[in-house]
Amino acid sequence: ANALQSSKDFFALDYEQKMKIDYRQSPAFRGYMAQGLENTAGRPDRQEQIEFGVDPSTSEISAVASRTTSTIRPYYKRLVAHPNQWPDQHVPTLRPHVQQFMKEMDVLSRRLMKYLALSLDLPTNYFDDTFGDCPNVQLKICHYPAVTSTHNNNGDGGNDDDTRAMFGVGPHTDSGYLSLLLQDDVGGLQVQNGKGKWIDAPPIDGTIVVNLGEMIQLATQGYFLATPHRVLNVERQQE
């Protein structure tokens with residue numbers, strides 16, 4: 001609840017204030033991204049967002065501080081060895097609320113991976129070596145501006161321009177092991193079931209939506225499948 005409220009406070013800021021943490025200032029692409037800059041399947045998403053990652057240690061920051069981005073090796077260090085950008089001047093509560101939320105989701109994610117291992121008749125620590133002591137975590141807070149439409153939201157995936165125009169994020173699967181989605185009370189999230197039909201995943205107070213990602217599909221050789229999902233932003237604003 002705290003993280004949601006602080007994120008709403010951030011998105012209510014003027015554009016110039018939000019751009020103080022423009023993601024283009026970060027070699028790790030962390031920070032604010034305005035609407036239309038990200039796309040899914042070649043079509044701009046109707047959302048604005050803030051991206052955060054794992055806070056690097058002081059030694060990690062020092063190791064890359066004197067080097068240009070192009071010389072950093074291995075390549076993934078470019079994404080994990082740079083600090084997050086925070087709007088402390090305008091929304092000082094966002095930093096502590098997001099950091100606390102990320103800690104809680106880290107605990108939950110590790111527990112879920114143990115349960116997935118058990119469901120495969122494997123030891124609970126089977127996936128632990130994959131993550132190590134500090135797994136890479138990406139957190140994205142999205143705001144979906146409202147649009148006006150009378151189109152049926154429960155269609156076959158949106159094969160016409162009117163439906164595609166309603167997408168906050170178009171149909172896709174995520175690349176990681178798990179995606180944990182916290183919704184406000186607006187809704188808009190849909191997932192595709194095994195029959196190819198899009199169904200609503202309505203917000204339920206006190207719950208988190210868990211989507212499987214492409215890495216767990218790869219690790220289980222297709223036994224678990226990544227969850228296709230999308231976001232519709234039709235009526236009122238959503239976080």
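Phenylalanine 29 sits in the loop that runs between α2 (15–18) and β1 (31–33). Keep in mind as you look for it that this is a predicted model. What is there to notice about the phi of phenylalanine 29? The angle is near 60°, a positive value in a residue other than glycine. To see why that deserves a second look, remember that most residues other than glycine have a negative phi.

Now move along the chain to another loop, the one between α8 (214–219) and β11 (229–232), where you'll find glutamine 221. Glutamine 221 isn't a glycine, yet its phi is positive too, at about 55°. Is glutamine 221 buried or exposed? Its relative accessible area is 76%, so glutamine 221 is exposed, since anything over 50% goes by that name.

Let's stay with loops for a moment. Glycine 42 is in the loop between β2 (39–40) and β3 (43–44). Because its relative accessibility is 60%, glycine 42 counts as exposed as well. Next, try finding glycine 170, which is 128 residues away from glycine 42 along the chain. How far apart are the C-alpha atoms of these two glycines? In the model, the separation between them is 9.7 Å.

For a contrast, hop over to serine 179, which is part of strand β7 (residues 178–181). Serine 179 has a relative accessibility of 14%, so it counts as buried; the cut-off for that word is under 20%. Which residues does serine 179 touch, if you skip those up to four places away in sequence? They are Asp174, Val209, Val210 and Asn211. With aspartate 174 there is also a polar contact, side chain to side chain, at 2.6 Å.

Finally, let's turn from residues to empty space. Rolling a probe the size of a water molecule over the atoms shows where such space is left. The second largest pocket here has a volume of about 430 Å³. Who lines it? There are 21 lining residues, and Ala1, Leu4, Leu182, Gln183 and Asp205 are the ones nearest the centre of the pocket. Two helices to look for are α1 (2–11) and α5 (94–119), each of which supplies at least two residues of the lining. The largest share comes from α5, with five residues. And what is the lining of this pocket like chemically? It's a mix: 10 of its residues are nonpolar, six are polar and five are charged.

Key: Residues numbered from 1 in each chain as written. Predicted model: local features only at pLDDT ≥ 70, side-chain atom pairs only at ≥ 80, totals over all residues. Heavy atoms only, no water. Helix = DSSP H or I, 4+ residues; strand = E, 2+ residues; numbered from the N terminus. Buried < 20%, exposed > 50% of the residue type's maximum accessible area, 1.4 Å probe, protein only. Polar contact = N/O pair within 3.5 Å; in protein donor to acceptor, adjacent residues only side chain to side chain. Contact = heavy atoms within 4.5 Å. 1 Å grid on protein atoms, 1.4 Å probe; cavity = no way out; pocket = protein on both sides within 12 Å on 5 of 7 lines; lining within 4 Å. Points joined across faces, edges and corners; volume = space filled by probe spheres on them. Nonpolar A, V, L, I, M, F, W, Y, C, P; charged D, E, K, R; others polar.
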